Amino acid sequence: MLTPRGITVAVSGIVMWISARLLGSPGLEVVAIGLAALPFIAGLFLRWSHKAIAATRHLSESRVTPGTRVTVRLDISNPSPATTSFLLLEDRLPPALGRPARLVVTGVGGRGSQRVSYSVLPQTRGHFGIGPLTVDRTDAFGLSRRRVVVEGRDELVVTPEIEDLRAPSESASATSVGNARSRQLLRSGEEYYTMRAYEEGDDLRRIHWPSVARTGSLMIRQDEASRRAGGLLYLDSREATLGPSGSPAFERAVSCAASIGALFARNDYTLSLGADESQIRPVTEERFLELLAGLTHGRSRSLARALTQLRHSGSGDTSLVFVGAPLPPQELPQLVRAGAAFGPKLAVFVHPIEPGEAPSNRRTQLESRATQSQLTLVRAGWDVVLLSPSNRLRERWHTPRARPSVSSA
C-alpha cells in the first residue's frame with residue numbers, strides 16, 4: 001500500500017517518463033522509470049520482510065477492581081539483521097476502556113527489541129478483551145506502508161467494587177454493631193460435636209475447662225467440626241425489579257454481593273452463587289468474582305423457580321444472603337419458606353431508584369414495598385439492610401439494625 005508520498009513519487013515518475021519520451025531523452029527516461037518503480041520496490045521489500053517483526057503483550061494485572069490503573073506493556077522484537085524504520089502500533093481496546101492505544105516506535109535495531117507501554121483506567125466491571133495489535137511499517141523513504149495484524153488477545157477482568165466490611169477503628173459503637181452483624185451472619189463452624197474423658201497422651205490444649213469445672217473431671221474436646229460452613233448468595237438480577245445492568249441500583253447490588261462474598265471467603269466459608277436464570281452452584285472465590293464481573297440483568301418475571309432451588313439448597317450450617325430490590329408482597333412468603341432451612345439469613349434490599357428523586361406517588365410505592373419486605377423478613381428471623389443506589393453497604397453495615405421503617409436517604 002502506497003503512502004501519499006509514494007503516490008506522489010510514482011505519479012512524478014510517470015509524468016517524467018512521458019516528458020522524456022516527448023523530448024527524446026533516453027537518460028531522463030531511465031531516471032523516470034526508476035522513480036516510478038521505487039515505491040513499488042519499497043512495497044515488495046516490506047512484504048518480504050514483514051514476518052521479521054514479533055510482538056508480545058503483558059498486563060500489569062489481569063484482574064482488578066474499578067478505578068485501578070493497569071499498565072499494558074508491548075515488547076517489539078526484530079530478529080532480522082536489518083534495522084526497521086518507524087513503526088506505528090495500534091492496540092485495539094473495547095469502548096469501555098477508551099480509544100485504541102496508538103504508539104510510535106522509532107525503529108528496532110537488528111536482532112534487538114524495544115519496549116513501549118500505555119495504561120488504561122477501567123471504571124466499570126466486566127470482561128474486556130485487549131487486542132489484536134496492528135503494526136504499520138513504512139520503508140526508509142516513507143513511500144510504502146504495510147499493515148501487519150499480530151493476533152492474540154489478553155483478557156482483563158474488572159471485578160465489582162468490594163467494600164471492606166470490617167469495623168472502622170475510630171468508632172467504638174460502629175465496631176460493636178458491625179462485629180455483631182458479622183458474627184450473626186458467620187455463626188457456625190466453630191462448635192465441636194462431642195467431649196470425652198481425658199486419656200494419657202491427649203493434647204492438654206484441647207481440655208474444655210468449663211466442663212472440668214462443671215463435672216470435676218478432665219474433659220477433652222473431640223472431633224471438632226471438620227465440615228466447613230458455607231455461604232450462599234443469591235442475587236435477584238431481574239430487570240423488572242432491579243433495573244438493567246449498568247444502572248446505579250444494579251451495580252450497587254452486585255457490589256454488595258461481592259463485598260459479602262469476600263467477607264465469607266476471609267472467614268474460610270465455602271461459597272455458592274445463584275442469580276436469575278442461572279443454577280445455584282458452588283464456586284471458588286476467584287470464580288465467584290469472575291461471574292459477578294460478567295453478570296447482566298435477567299428477563300424472568302417471577303422468582304418461583306429460583307426460590308425452589310433455594311429451598312432445595314438449604315442447610316443449617318449455611319448462611320443465606322439475598323440481594324435485590326424490595327420484593328412485591330406475593331413473593332415474600334415464598335422467600336421466607338425458602339430460607340427456613342438455612343442458618344443465619346440476611347437480606348440486602350436496594351431501591352431500584354433514588355426514593356428522594358422519585359415523584360411523590362412513586363416514592364410512596366417504593367417506601368411501602370420496602371417497609372413490608374423489611375417487616376416480613378425481620379419477623380421471620382432475618383437481618384435486613386436497606387440501601388438506596390447512592391448508599392454504600394459499609395455505611396449501613398455498621399449502623400444499628402433499623403426498625404421496621406424506611407428512610408429515603
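**Helix packing, a surface patch and two local backbone features**

Helix 6 and helix 7 are roughly antiparallel to each other, because angles over 145 degrees fall in that class. In this predicted model, their axes cross at roughly 180 degrees and come within 10 Å. Helix 6 spans residues 248–266, and helix 7 spans residues 285–293. On the helix 6 side, the contact is made by Val254, Ala257, Ala258, Gly261 and Ala265. Helix 7 contributes Glu285, Phe288, Leu289 and Leu292. By class, seven of the residues in this contact are nonpolar, one is polar and one is charged. Gly261 is counted as polar and Glu285 as charged.

A nonpolar patch lies on the surface. Its members are Ile14, Trp17, Ile18, Leu22 and Ile33. Together they have about 510 Å² of accessible area. Helix 1, residues 4–23, gives the most to this patch, with four residues. Ile14 is placed in helix 1.

Two backbone features occur in loops. One is a cis peptide bond, from Gly131 to Pro132. Its omega is near 0 degrees. Pro132 sits in the loop between strand 7 (126–130) and strand 8 (133–138). The other feature concerns Asp268, a residue other than glycine with a positive phi. The value is near 65 degrees. Asp268 belongs to the loop between helix 6 and strand 14 (270–275). Helix 6 thus borders this loop and also takes part in the contact with helix 7.

How values were computed
Residues are numbered from 1 along each chain as its sequence is written. This is a predicted model: local features need pLDDT of at least 70, side-chain atom pairs count only at pLDDT 80 or more; totals for chains, interfaces and linings use all residues. Side-chain values use heavy atoms; hydrogens and water are left out. Axes are lines fitted to C-alpha atoms, for helices over the stretch in contact, and angles run from 0 to 180 degrees between N-to-C directions. Angles under 35 degrees count as roughly parallel, over 145 as roughly antiparallel, 65 to 115 as roughly perpendicular and the rest as oblique. Contact means heavy atoms within 4.5 Å. Patches are made of residues with over 30% relative accessible area and no salt bridge: like charges are joined within 9 Å, nonpolar side chains (Val, Leu, Ile, Met, Phe, Trp, Tyr) within 5 Å. Accessible areas come from the Shrake-Rupley method with a 1.4 Å probe; for residues, only the protein chains shown count as cover. A salt bridge is a side-chain nitrogen of Lys or Arg within 4 Å of a carboxyl oxygen of Asp or Glu.
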